Protein chains: 2
Amino acid sequence: MVVETKRAPLDRARVLAAAVALADRSGLDAVSMRAVAAELGVVPMALYKHVDDKDDLVGGMIDTVIEGYDVPDAAPAGADQVRARIRAARTELLRHPWLRPAIETRSRRTPTVIAHMDAVAGAFLADGYSVDLTHHAMHALGHRIWGFSPEAFEEPPATPPSPAEQEAIMRMMATRYPSVTAIAIDAATRNASGACDDDAEFDFTLDLLLDAFARLRAAGWVSRA
Amino acid sequence: MVVETKRAPLDRARVLAAAVALADRSGLDAVSMRAVAAELGVVPMALYKHVDDKDDLVGGMIDTVIEGYDVPDAAPAGADQVRARIRAARTELLRHPWLRPAIETRSRRTPTVIAHMDAVAGAFLADGYSVDLTHHAMHALGHRIWGFSPEAFEEPPATPPSPAEQEAIMRMMATRYPSVTAIAIDAATRNASGACDDDAEFDFTLDLLLDAFARLRAAGWVSRA
DNA sequence: CTTGACAGGTGTACATCGTACACCTAGGCT
DNA sequence: AGCCTAGGTGTACGATGTACACCTGTCAAG
């Protein structure tokens, strides 16, 4: 008689893991209920026994990643601790490109998400920052707390036209948008590929902000008027 | 004989205006091809004669708003000009709440969008900022260039539980997330509603960043090592 | 040992969405 | 007069999220 290898029963963690794996492989758009179910060899509706709805699914995916943050818990306090946490977040963000759009379109907030914010805020407070200054800092850091800089410049969608066309486009750009063109050219002299070093920009801004707040604190800034 | 009042033929601008009006009234999710078509008393497929696809539609909606920026063209140069542009963007952003998610999920970049970035970058350059410093500034300002601060704290989804439950939740929050709770309480002492003054935070961070860059420039910073 | 509740997987069905494709029709040109 | 074409129509398809009824194996209580 044929013995079916019995499938271990699903649980929330396995569902989320499958969704994360799928997103890593094929992007966030590929994460549909049906696709995740197929990944697990199960019918779509089975997922709803472990997940409220699609929104809960991607919320759970985010949580899964956040819980994997490699954060040196016994790290130095204050700004350095903040830096460590944010860099840990960024590492994970780079590993999972779908994470950014996922967080950006998020609606509900989970305990895991709040806990991460609490840890960052706590590091400021532990370093003697006033509550209000910490508040400002959290706002200023914004999404950087999740490891990404919300760029004004997005990746160009990789439309490599013929070299001749490219020349014409460049000329048009240079006359119509001289400033961004100047920046692009300057960046290209520094980086053969012409792409910005996003990682360097991230650190630059992070340091700029952390320094600015350290300066305010040192100057005795406590709270807004 | 019955004389049908002849409908003026559609054009791209009318389609976009209808979509913007609909989004203003009912949110971005309500903007489907079918809904916009209905708004115009036309069949869904008619829109495709004026718009490539849905992505082009929302791109066009964004352009429509950007083109309406009330930017004092003969404004002071430099940081003040940047401030003016960004504040103009923010005004429009507050008028159209759908704008933020629309921009965030954007994929293609339109000339109108590039022109706005070019104007901001140009203001820095005109003020004597080096190209590279301008580049950094654009990255640091990130989405703030579009008028929004990408907050770590999002609006709570307005779940007002019973006062008793609220009390219990607060107590739990205070022990589990002491830092964010401290911030929330502190903010509440300053603002009866307990909500952050997002507008004030926006200005605070904008000033912080612009000051930081002004300081770098004054110190003779020209380009990264 | 029986029974029955319940956790968990199944199957069908539906509304909504974007959009491909073929079609029709009214104006304006040659 | 004849035709081209811009612009609106109609039908249809595949994908998606998810409601609802159903089945089934496990395990604890009687």
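Which residue of chain A has a polar backbone atom 2.9 Å from a phosphate oxygen of DNA strand D? The answer is Lys54(A). The legends below start from the overall fold and return to that contact.

This is a predicted model, in which local features need pLDDT of at least 70, side-chain atom pairs count only at pLDDT 80 or more, and totals for chains, interfaces and linings use all residues. Residues are numbered from 1 along each chain as its sequence is written, chains are lettered from A and ligands numbered from 1 in the order in which they are written, and side-chain values use heavy atoms, with hydrogens and water left out.

**View 1. Chain A is built from 10 helices and zero strands.** Helices (H or I, at least four residues) and strands (E, at least two) are DSSP runs, numbered from the N terminus. From the N terminus, the order of elements reads α-α-α-α-α-α-α-α-α-α. The radius of gyration of chain A (taken over C-alpha atoms) is 22 Å, well over the 17 Å that the globule rule (2.2 Å times the number of residues to the power 0.38) gives for 225 residues, so chain A is more spread out than a compact globule. Along the principal axes, its C-alpha atoms fill a box of roughly 75 × 60 × 30 Å.

**View 2. Helix 1 of chain A packs on helix 3 of chain A.** Helix 1 spans residues 12-26 and helix 3 spans residues 54-67. Their axes lie 9 Å apart, at an angle of about 85°. Axes are lines fitted to C-alpha atoms, for helices over the stretch in contact, and angles run from 0 to 180 degrees between N-to-C directions. That makes the two helices roughly perpendicular (65 to 115 degrees). Contact means heavy atoms within 4.5 Å. Helix 1 contributes Arg12(A), Val15(A), Leu16(A), Ala19(A), Val20(A) and Ala23(A); helix 3 answers with Asp56(A), Leu57(A), Gly60(A), Met61(A) and Thr64(A). By class, this contact holds seven nonpolar, two polar and two charged residues. Ala, Val, Leu, Ile, Met, Phe, Trp, Tyr, Cys and Pro count as nonpolar, Asp, Glu, Lys and Arg as charged, and the others, Gly among them, as polar.

**View 3. Helix 4 of chain A meets helix 6 of chain A.** The pair covers residues 78-95 and residues 111-126. The axes are 7 Å apart and the angle is about 155°. The helices are therefore roughly antiparallel (over 145 degrees). Among the residues of helix 4 in this contact are Gly78(A), Arg85(A) and Ala89(A). Those of helix 6 include His116(A), Val120(A) and Phe124(A). Six nonpolar, three polar and one charged residue make up the contact.

**View 4. DNA strand C is surrounded by 18 residues.** A residue is near a strand if one of its heavy atoms lies within 4 Å of it. The closest are Met45(A), Lys49(A), His50(A), Arg34(B) and Lys54(B). Phosphate oxygens of the strand lie 2.9 Å from a polar backbone atom of Leu10(A), 3.0 Å from one of Met33(B), and 2.8 Å from a backbone N or O atom of Lys54(B). Of the strand atoms within 4 Å of the protein, 43% belong to sugar or phosphate. The nearby surface has nine nonpolar, two polar and seven charged residues.

**View 5. DNA strand D is surrounded by 17 residues.** The closest are Arg34(A), Leu10(B), Met45(B), Lys49(B) and His50(B). Here the Lys54(A) backbone atom is 2.9 Å from a phosphate oxygen. For Met33(A) the distance is 3.0 Å, and for Leu10(B) 2.8 Å. Sugar or phosphate supplies 38% of the strand atoms within 4 Å of the protein.

Technical notes:
Polar contact = N/O pair within 3.5 Å; in protein donor to acceptor, adjacent residues only side chain to side chain. Parallel < 35°, antiparallel > 145°, perpendicular 65-115°, else oblique.
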